[in-house]
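Good morning, and thank you for making time for this presentation. I shall go through one structure, part by part, and state each criterion as it arises.

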Amino acid sequence: KKIHIGVIFGGRSGEHAVSLMSARSVLSVMDTSKYDITQIGITKNGVWYTGEDVLSALEKEDFSGLQKAILLPVPGEASLYSIRDTSSGSVLELAAQLDIIFPVLHGTFGEDGTLQGLLELADIAYVGAGVLGSSVGMDKSLFKDVMRTHGIPVVESITVTRKEIETDLDGVITRAEKLSPYPFFVKPANLGSSVGITKCRSRGDLLEGLMDAARYDRRILVERGLVNPREIEISVLGNQDPKASVAGEVMPEADFYSYAAKYLDGSSKLGIPADLPEDVSLAMRNMAVEAYKAIDCAGMARVDFLMDRETGEYYLNELNTLPGFTKISMYPKMWDATGLPYPQLIDRLIDLAFERKADRD
Ligand code: ADP
Ligand code: MG
Ligand code: MG
Ligand code: K
């Protein structure tokens, strides 16, 4: 019997477009002799659709002819209903009983534990981390606190609120300037793809950066900025006994690894495996697994480090529970270089999702 998998993509986050690219790749390699695939697309406004080729519809932003969908969290029999006639408000047609969900979503309402909570209620297997791992991985402030507790090096940072920025900007700046000399990095606590992040070289930059980040989130981090750091990434895969891939390196042409450098310029060079002494890369791989376990991650994560070029000191920067997943994305490329090709990686993630559900039951 084939496994019926619902692939969810799009979503209400700043990373909607990135999700569509990831979903395009995932759908193109999933083995249809093993899987029955139902596409579930979420628009930027949060409307769920299902149908034959929802992905193309979302790419074109043309939703005519699609059926609205709802996922009903009925324990033991998660069902995807498509709503044919929304005007009468009553006609529901059963579309599918799903065995498993693959959330190919990045950022808020997809990667942050909210969708995972819905799927827990539905009692359905799903790819990736659970509620806790997802939410701690998403929140840069909480995440750093957990790392500090585990003795994992992270850069010095403070977390301030939007309210403090609005009412006591001078106080916030004074607190930040006690951390370290400039530059600082200002970041919304819960975002990805570098959206809302500013590198601040002066008090004026910091002021602007804080105001900008406050547009995206209620909580904002100010971090000591490393000057022109190396960016080393490691893919982790597994549940109880997670394994780390070889280390990879991203070499952005831009001033830092901004949204444009990630998705628009195509200018960043990749080095897989990263040019590192054996003992250093081994220590980083172990640290990546330790961080993964510390936040109760499952399925997969890409763990990213920043390394001081001069001293060789490195810091764990962040952990992404649903990393970019196109064929040219770092997460699958690093597994490929470790001996696990992209199609098998997807099979493995699906196995891990069932395994995790069985462990919980
Ligand atoms: P996101 O989740 O949006 O990717 P990151 O914390 O990874 O957020 O920051 C995005 C990029 O900003 C990093 O890849 C790096 O280029 C740069 N950056 C972030 N924090 C620092 C820092 N403390 N020092 C130097 N560069 C940083
Ligand atoms: Mg991130
Ligand atoms: Mg990042
Ligand atoms: K993250």
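What covers the buried residues of helix 4? The cover includes helix 3 (114–121), helix 5 (140–149) and strand 17 (314–320). The buried residues themselves are Gly-133, Ser-134, Val-136, Gly-137 and Met-138.

Before I continue, some conventions. This is a predicted model, in which local features need pLDDT of at least 70 and side-chain atom pairs count only at pLDDT 80 or more, while totals for chains, interfaces and linings use all residues. Residues are numbered from 1 along each chain as its sequence is written, chains are lettered from A and ligands numbered from 1 in the order in which they are written, and side-chain values use heavy atoms, with hydrogens and water left out. Buried means under 20% relative accessible area, exposed over 50%, and partly exposed in between, with a 1.4 Å probe and protein chains only. Helices (H or I, at least four residues) and strands (E, at least two) are DSSP runs numbered from the N terminus. Contact means heavy atoms within 4.5 Å.

I turn to the metal ions. Donors are N, O and S atoms within 2.8 Å of the metal, or 3.2 Å for Na, K and Ca; water is not among the atoms, so sites may look incomplete. For the potassium ion (ligand 4), the protein donors are Gly-137 (O), Glu-318 (OE), Leu-319 (O) and Asn-320 (OD1), at 2.8 to 3.0 Å. Along the chain, these donors follow the spacing G-x180-E-L-N.

The magnesium ion (ligand 2) has its protein donors in Glu-318 (OE), Glu-318 (OE) and Asn-320 (OD1), 2.2 to 2.4 Å away. Glu-318 bridges this magnesium ion and the potassium ion (ligand 4), which are 3.6 Å apart. Glu-318 also coordinates both the magnesium ion (ligand 2) and the magnesium ion (ligand 3), 3.7 Å from each other. Both Glu-318 and Asn-320 are buried.

Next, the second largest pocket. On a 1 Å grid over the protein atoms alone, a cavity is a set of points where a 1.4 Å probe fits but cannot get out, whereas a pocket is an open set with protein on both sides within 12 Å along at least five of seven lines; lining residues have an atom within 4 Å of a point. The second largest pocket has a volume of about 230 Å³, taken as the space filled by probe spheres set on the points, which are joined across faces, edges and corners. Of its 13 lining residues, Gln-240, Asp-296, Cys-297, Ala-298 and Arg-356 lie nearest the centre. Helix 12 gives the most to the lining, with three residues.

How exposed is Cys-297? Its relative accessible area is 5%, so Cys-297 is buried.

Helix 12 (342–360) also appears in the packing of helix 11, whose buried residues pack against it and against strands including strand 13 (230–238) and strand 16 (299–307). In helix 11 (residues 330–338), Met-330, Tyr-331, Pro-332, Met-334 and Trp-335 are buried. Just after this helix, Gly-339 takes a positive phi of about 105°.

Finally, Thr-159 is found in strand 9 (residues 157–161). Thr-159 counts as partly exposed because its relative accessibility is 29%.
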